[in-house]
Amino acid sequence: MVKKRLKSLIAVFITTAMMGGFMNLTDGKVMADETNTNFNYGEALQKSLMFYEFERSGKLPQDKRDNWRGDSGLDDGKDVGLDLTGGWYDAGDHVKFNLPASYTLTMLGWSLYQNRDSYEKSGQLKYLTSDMKWCSDFLMKCHPAPDVFYYQVGDSGLDHKWWGPAEVMQMDRPSFKVDDDNPGSAVTAEASAALAATALNFKNDDADYANKCLSHAKDLFNFADKTRSDKGYTAANGYYSSTSFYDDLSWAACWLYMATNDKSYLDKAEAYVDNWSREQQTDIISYKWGMCWDDVHYGAQVLLAELTNKQIYKDSVERNLDYWTVGYDGNKVQYTPKGLAWISSWGPLRYSLATAFLADTYSKWSGCDASKAKAYEDFAKSQVDYALGSSGRSYVVGFGVNPPEHPHHRTAESSWFDDKTVPGYSRHTLYGAMVGGPDQNDKFDDDVANFNQNEPACDYNAGLVATLSSMYGKYGGKPIDNFNAIEKPTNDEFYVEAAVNATGKNFEEIKSKIYNKTGWPARVTDKLSFKYFIDISEFVKQGYKASDIKVTTNYNEGGTASQLIPWDEKNNIYYVNVDFTGTKIYPGGQSAYKKEIQFRMTAPDNATWDNSNDFSYTGVEETPGDTPTLDKNIPVYDAGVKVYGNEPKGNVVVGDINGDGEVNGRDLMELRKYIAGKTTDINKDSADINGDGVINGRDLMELIRKISSVNP
């Protein structure tokens with residue numbers, strides 16, 4: 001009997017680890033039915049909240065928990081003379097749409113109002129409130145006057161034409177507003193709801209901030225209520241088109257009532273109900289869809305049911321939730337074979353998770369039909385579990401088994417080439433981002449180009465976070481201690497490639513390309529330079545000096561090449577400084593992330609050029625016409641600070657292994673003995689010929705090449 005129970009416990013633990021990312025069995029609660037596996041809801045909540053940090057625009061805080069997001073959109077609003085920096089980027093793009101953003105903030109606020117204990121116990125309260133303030137601060141910036149609201153920053157068409165990280169955007173980012181002449185009641189009412197929900201949650205901890213939010217919320221509501229039109233809300237059409245505004249007005253009025261206890265708002269919320277959408281050819285309030293940014297009457301009726309206890313709202317809520325669970329009047333949402341309540345091919349998880357939160361919230365209310373509460377509660381758990389991996393794969397980046405690895409997200413992909421296929425993988429892990437989800441047969445395409453299924457969005461995560469806050473409160477879980485998104489770069493961010501472009505008895509012409517593939521974070525540079533080092537000892541022996549060598553440029557894309565500059569004059573080490581100051585080089589496209597320059601170093605006619613002793617010649621492709629190759633001995637500088645490559649060591653002749661001042665066969669013999677372990681008495685600085693910090697066969701090959709070029 002003991003063995004059987006032990007085997008069962010082991011099975012539960014293994015299944016939990018596979019499905020949920022190693023749930024802590026002490027903090028979590030394993031349900032009695034072992035087939036109903038719990039995930040680590042604490043970790044999932046933690047990561048799903050972190051996603052909002054990756055979506056931030058503007059000047060980022062010093063205490064951010066990643067090393068790959070940087071400041072961006074710092075000129076937002078300048079076209080209208082305002083500071084419209086901050087806020088969230090919408091999804092995998094970089095437009096700031098205030099309709100879905102306001103919906104998102106309200107849902108997060110509702111989850112905090114409903115499940116504050118979960119956020120406190122999990123240690124996530126400070127992150128949630130920080131996320132909420134980031135958005136609410138921006139919404140208030142967008143509301144510079146009572147009857148003016150900027151509902152969008154960024155042109156959707158221009159934005160979607162370019163595939164690169166937010167930090168290096170170069171396109172125009174116009175600001176779009178609604179006002180008395182061209183109103184937008186849906187978006188202004190949504191913003192009112194968001195700020196009212198924020199005020200409600202902050203009133204005990206930061207009364208001044210709460211009052212500021214509430215003042216804006218009231219003005220926005222009045223603006224939306226008096227205009228009752230969306231004729232000015234046009235820039236978002238095709239992306240976030242508004243199909244109604246009465247649901248938004250009810251939603252906003254409910255939150256204002258909860259924040260102020262002013263019954264006039266509750267009266268208004270109910271007054272708009274007659275204008276809510278109805279099922280076709282009936283007077284029944286629509287129930288065959290789900291809570292989302294464009295239809296919040298589903299959330300409004302839950303609030304109205306709880307605030308008024310009126311049967312009309314309870315009936316409407318339960319019709320909708322029955323439709324999603326057990327079915328209503330012969331109608332029921334479609335389910336995939338593995339259990340997702342599937343209502344749309346575009347982002348189906350957003351609907352199921354938002355509805356899951358409504359179902360769980362309503363099931364806990366005392367006015368809910370007791371015979372239905374369990375079905376609603378089970379539905380909520382089944383849908384969040386599906387998102388976390390109950391089907392065999394997770395739909396939350398960085399969580400669980402087989403999560404998405406190629407989300408449709410420009411900054412996470414961090415292409416320097418303005419192309420979804422470059423680099424061919426996501427350079428950053430977009431922790432906590434829930435993607436759209438599978439088709440009706442559970443088929444899912446983890447492809448960066450598939451924006452239907454594989455794009456995350458702020459409003460998608462709103463339902464996930466909210467439902468997870470409920471699941472954590474019921475079943476526990478353990479967030480990861482000191483979790484962050486500090487990454488090790490997967491590639492060199494700056495470097496130079498070089499090749500011989502032309503050569504002669506007394507000159508050397510170098511074709512070089514400088515690269516900016518930054519991603520930690522991506523950044524625009526206009527002060528890049530590199531140094532090409534040469535040793536002029538052979539010219540000195542021939543009776544010449546550095547000033548006798550002339551440097552000219554043939555072809556260049558914004559760079560200048562200096563004459564020879566001394567580095568170690570005693571040992572005849574000089575360099576050409578190639579400077580791209582004033583030329584923008586950034587990871588934003590094939591003509592933007594690299595710049596080429598060709599420069600020629602010419603000695604007097606009677607001189608003989610020997611490049612074998614030149615520090616930077618190591619790694620240069622020698623055959624004219626060949627493609628330039630990476631050269632670590634051509635160091636790169638940003639505003640004078642070295643960011644890549646090696647510099648010559650003082651008083652060191654590269655390749656002079658035995659220290660006699662010459663590079664010849666004797667050095668080759670000494671290096672072979674050292675690599676074979678037969679001696680340790682060599683000049684190690686000289687022996688590291690390719691400058692990679694290791695002495696091995698690669699240095700031996702470079703030395704052979706050096707010696708061969710001197711004595712062919």
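**Notebook: helix H13, a sheet, a pocket**

I began with helix H13, residues 370-388, in this predicted model. With 19 residues at 1.5 Å each, H13 should span 27 Å. The end C-alpha atoms lie 28 Å apart, so expectation and model agree.

Next I looked up burial along H13. The buried residues there are Ala373, Tyr376, Phe379, Ala380, Lys381, Gln383, Val384, Asp385, Tyr386, Ala387 and Leu388. I kept the helical repeat in mind: an α-helix has 3.6 residues a turn, so residues three or four places apart point the same way. I then checked what follows the helix. Gly389, just after H13, has a positive phi of about 135 degrees.

I turned to the record. UniProt, in an unreviewed entry, annotates residues 489-649 as "domain: CBM3". Over that range I find 3% helix and 42% strand. The end C-alpha atoms of residues 489-649 are 27 Å apart.

Then I traced a sheet. It is open, has 5 strands, and pairs antiparallel in the order E9-E13-E7-E6-E14. Which strands stand at the edges? They are E9 (550-556) and E14 (629-630). Each has a single partner strand, so one side of each lacks a neighbour in the sheet. I also followed E7 (residues 507-516) against E13 (residues 594-602): 9 bridges join this antiparallel pair. One bridge I noted puts Ile514 opposite Lys595 in E13.

I went on to the largest pocket. Its volume is about 670 Å³. It is lined by 34 residues, and the closest to its centre are Gly238, Tyr239, Tyr240, Trp293 and Trp346. Helices H8 (246-260), H12 (348-363) and H16 (458-475) are the elements that each give two or more residues to the lining. By class, I get 15 nonpolar, 9 polar and 10 charged lining residues.

Last, I looked up the "active site" feature. The unreviewed UniProt entry places it at His408, Asp446 and Glu455. How far apart are their C-alpha atoms? No two are more than 9.7 Å apart, although the residues span 48 positions in sequence, so they gather at one spot. Of these residues, His408 and Glu455 are included in the lining of the largest pocket.

I gave Asp446 its own check. Asp446 sits in the loop between helix H14 (410-413) and helix H15 (451-454). Is Asp446 buried or partly exposed? Its relative accessibility is 21%. Buried means under 20%, so Asp446 counts as partly exposed.

Key: Residues numbered from 1 in each chain as written. Predicted model: local features only at pLDDT ≥ 70, side-chain atom pairs only at ≥ 80, totals over all residues. Heavy atoms only, no water. 1 Å grid on protein atoms, 1.4 Å probe; cavity = no way out; pocket = protein on both sides within 12 Å on 5 of 7 lines; lining within 4 Å. Points joined across faces, edges and corners; volume = space filled by probe spheres on them. Helix = DSSP H or I, 4+ residues; strand = E, 2+ residues; numbered from the N terminus. Nonpolar A, V, L, I, M, F, W, Y, C, P; charged D, E, K, R; others polar. Expected span 1.5 Å × (residues − 1). Buried < 20%, exposed > 50% of the residue type's maximum accessible area, 1.4 Å probe, protein only. Pairing = 2+ DSSP bridges. UniProt positions renumbered as here; feature names shortened; annotations may be inferred.
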